[in-house]
Structure formats: C-alpha cells, structure tokens
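Colleague: I want a close look at a single part, the surroundings of the ligand. Please take the aromatic pairs after that.

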Amino acid sequence: MKICMIGTGYVGLVTGTCFAETGNDVICVDIDRDKIDQLNRGHIPIYEPGLDEMIKRNMKEGRLAFTTDLAHGVKASLFIFIAVGTPSSDDGSANLSSVWSVSREIGKHMNGYKIVVTKSTVPVGTTERVKEIIAQETREPFDVASNPEFLKEGAAIDDFMKPDRVVIGTNDPRVTELLKELYEPFVRTGKPILAMDIRSSELTKYAANAMLATRISFMNEIANLCERLGADVNLVRRGIGSDPRIGSSFLFPGVGYGGSCFPKDVKAIIKFGLEAGYEMKILPMVEEVNQQQKRLLADKVIAYFGNMIQGKKVAIWGLSFKPRTDDMRDAPSIEIINRLLAAGAVIAAFDPVAINETKKIFGDRITYGAKNYDVLQDADALLLITEWNEFREPDFEKIKGLMKNPVIFDGRNIYDSKKLAEKGFIYFGIGLTP
Ligand code: NAD
C-alpha cells in the first residue's frame, strides 16, 4: 500500500519504517529540513535500538523515502498518517496547531480518494475537526480515522511490530477493513485489532496513559508511606503485584514520570474533560504527586548534607526520561539537576546516549563524563536517576575508590541496600527502611 507519514519524529519515523518493513511504499514528510537532510544522508536523528539498520535497509530497497514535500507525499499515497507533535500549551491543553496546518495542506493537495489517519495523540473531537478542515480545501473524496500509537520509546520497533493491540477508530466499515489489512502482518500472533468509533479511539489513548501515570503516582505515594512507617516498598510491591487483578508491571516507585507523553497527556485529558463539563478528580492529584516526587530525590540529597551542599560534587548516572532512549523531554533529571544547582551543588553527569540532548538544556552549567566512572572522581554523592542496564552491576570497589564519600542515592531501587551497606556505602533508595 502507498503510505504518507507526516511528522518524522519518534512515532512517525518508527511507524513509517515498520510499515515499509512489511512491504509498503512509505514517504515520510517533515517540516524540519535539517532532519530530512540527515535522514537522506543516512544519519538517524534519534536514538532508538534497531531503527538505524531498519531504515537503511528499507531505503536501499526503495520502499522508504524522506522529503519536506508534503504535496508529493499526499499525491502519491492512499493512507496519510498525521504523526506531528501535540505538545502542551501553557494552559495544559494539547497544542494542535501542527495538526490543523497539516490538515489544511493535505486538503490542498488531494488528487483522489485518501484515508487520513490521526496517529498523533489528539483530544476527542480532533479527527472530526481534521475532516472539516480538509473538506474546506477539497472536493475529492476522503475518509478520516483515528489510530493512536502505543509504542514505547526504547522498545519502539518491537512494540510496533508486535503490538499488544491495534486500536482503529472509524465510522465506516470499509475504512476499518483497509486499516485491518494494513495491520494484519503485525498481529499474526493473534493480538486484537480493536475497531471502534473515532471518539472512543481518541479517548482510549489518553485513558491508557492516564491510567499508567496513576499507577506510578500511586506507587510513589505507597513508597513515601513506607519510609515513614518503616516498611519496604520492594516487598510491598511484590506482595500486591502477585495478585492478578493488580499485576506486577508498572509498579516501580521512582523519581516520578516524565517523557514526551505522560505529563502532557495527563494535563490534556484534565483540560478537555473540563471543557466537556467534567472535572476529573484523580488526575490533578496524580500530577501533584508526580511534581512532589520529582523534587524528592534532590531534597533528600540536600537534607543529607544538612543544607551545606554548596560546592559539593554530585555525580549523576542516567539523564534520559527512561532507559534506551535519548529523549529528554520532561525528564525528571532536569528538575533534580536544577534543584541541586540552585542549592549550590556541582554536577557531573553521565548517560549512555542522552548527553547531547542534555547539553542543549544545561550547556556548561554542568560537566559531562564520557564513561560512567568518569563522573565519580572525588564525588560527594552518586545519584542514580535512570536505570540503564549498564548501571545495574557496577564495580562497587572501583566506585568507592573514586568517590570522596561512598554515598549513593538510588532513584530506581536497582541496588540491594544490605549488600551496599556491607560494602561500606551509605545508601538511600525510594520507599525503603533506612
Ligand atoms: P516528535 O516531536 O518527536 O515528532 C514530531 C515531528 O513532527 C517533528 O519531527 C516535527 O518537525 C514534525 N512536524 C511538526 N509540524 C509539522 C508540519 N506542519 N509538517 C510536517 N512535520 C511537522 O513527536 P513524537 O514523540 O513522535 O510524537 C508525535 C505524536 O505521537 C504526539 O502526539 C505524541 O503524543 C504521540 N505519541 C508519542 C509517543 C512517544 O513515545 N514519543 C508514543 C505514542 C504516541
């Protein structure tokens, strides 16, 4: 099938490439000329495991192309996916300006029947509005559909190639059939393609992210309670996770959720809920708990030094909002570092892939290590913020030898507090008995 993917970011690039991988002809369009030039030179602008070689293979086979020419992409395709960003506006609502401008452009360049699909996460009613905007520009026949994306950065290719489910929102059974055909190769193991109306499909994406954010904030509150009551959240987590009604995934307390989706999507659902006349009660608290949690680790460090943190060297391991991505959007590390800098600490940070993105935020206000041990020289404390696999089994003797004080603040509870105590470390986790 002929596909045009408009917006070549984390979602558009992965999705477009995976559609090409199953034999479709895909044209990826972006407004960012530099990004398109990089892709055409074979340089992949984001870090996503496995993506590089898949892009190169499909470009070579002639199934995947990159352009800034939206008209060409639209004219050549049956399916037009909108995968542009929908970031937060100042009032918390989703900023849909890119969706609207792309819709107008699609309308202007229609040359026959098309199916326009919102792949971006968009508030309920957006896909209907996209239809109106396109209809103002063209008399060509077209349909619209909603097809929210559930991939996770860091595992995006696997998630897209083997999804837990595919959600398709259409008001027309023929469009459902065509989209099912497109997705058939991805659900051969029997995972469902869930066809529903457009509004339910749009809301499904927000409900999923809001539920996951709620789980995180809930566990962070239980962790905070554990610290005050002398309980161990690692044990409580296992205790509740073994109940199949609860399940064991996504129950890890930490430094709060971040990234390009949960924070903005929680804000947006609250906002469009209000606009629809319904004030959501739980989600504003989920956000508040998350804000509090993002401050917690930095405040623990500051308190440890008895508010005398001025000039102390704090080493940081892990900067991206989660492992296996270079995405720094709304990463908890930003809040933590800002708080420590404001208190007078000196920061030396390391991340396996997110250093370049971090430099765009902090520049030379902090220093960076080329390897994880580099940042530990004479450090007064080590903070583990993002649980990259390579941090899980470090050489603790080496760490102790490098640091001025063997103090570890573990924002993800990846280390064993008892073992570290035996090795002579002072250790702080999240929700653990001191
Ligand atoms: P992104 O910022 O990485 O990419 C968006 C791309 O759209 C950018 O390359 C930008 O240049 C391009 N763009 C903006 N305006 C354009 C225009 N007028 N014409 C052409 N291109 C334009 O964003 P993303 O992370 O890929 O997210 C895209 C959407 O998918 C969002 O709605 C997001 O909520 C949703 N989503 C993201 C993820 C994720 O993990 N990142 C997962 C599921 C859903």
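Modeller: A residue is near a molecule if one of its heavy atoms lies within 4 Å of it. On that basis, 27 residues surround the ligand. The closest are Asp30, Lys35, Thr86, Glu153 and Lys264. Some ground rules come next. This is a predicted model: local features need pLDDT of at least 70, side-chain atom pairs count only at pLDDT 80 or more, and totals for chains, interfaces and linings use all residues. Residues are numbered from 1 along each chain as its sequence is written, and side-chain values use heavy atoms, with hydrogens and water left out.

By class, the shell around the ligand has 10 polar, 9 nonpolar and 8 charged residues. Here Ala, Val, Leu, Ile, Met, Phe, Trp, Tyr, Cys and Pro count as nonpolar, Asp, Glu, Lys and Arg as charged, and the others, Gly among them, as polar. Helices are DSSP runs of H or I with at least four residues, strands are runs of E with at least two, and both are numbered from the N terminus. H1 and helix H5 (97–108) each supply at least two shell residues. The largest share, 3 residues, comes from H5.

Now the polar contacts, meaning pairs of N or O atoms within 3.5 Å; within protein, one must be able to donate a hydrogen and the other to accept it, and residues adjacent in sequence count only if both atoms are side-chain atoms. The side chain of Asp30 places an N or O atom 2.6 Å from an oxygen atom of the ligand. A polar side-chain atom of Lys264 also lies 2.6 Å from a ligand oxygen atom. Val11 uses its backbone: an N or O atom there lies 2.8 Å from an oxygen atom of the ligand. Taken alone, the ligand exposes 830 Å², and the protein buries 88% of that. Those areas come from the Shrake-Rupley method with a 1.4 Å probe; for residues, only the protein chains shown count as cover.

On to the rings. A pair of aromatic rings is described by the distance of the centres and the angle of the planes. Rings of Phe, Tyr and Trp (its six-membered ring) pair if their centres lie within 6.5 Å; planes under 30 degrees apart count as stacked, over 60 as edge-to-face and the rest as tilted. The structure holds 20 aromatic pairs. One of them joins Phe19 and Tyr183 edge-to-face, at 5.5 Å centre to centre and 65 degrees between the planes. Phe19 is in helix H1 (residues 10–21) and Tyr183 in helix H8 (residues 173–183), so this pair links distant parts of the chain, 164 residues apart. Both Phe19 and Tyr183 are buried, that is, under 20% relative accessible area (exposed is over 50%, partly exposed in between; 1.4 Å probe, protein chains only).

Phe350 and Phe391 make another edge-to-face pair, with 6.1 Å between centres and 75 degrees between planes. Phe350 lies in strand E10 (residues 346–350), and Phe391 in the loop between strand E12 (381–384) and helix H15 (396–402), so the pair ties together parts 41 residues apart in sequence. Phe350 is buried at 6% relative accessible area. Phe391 is buried at 0%.

Phe19 and Tyr183 also belong to one aromatic cluster with Phe79, Phe81, Phe160 and Phe186.
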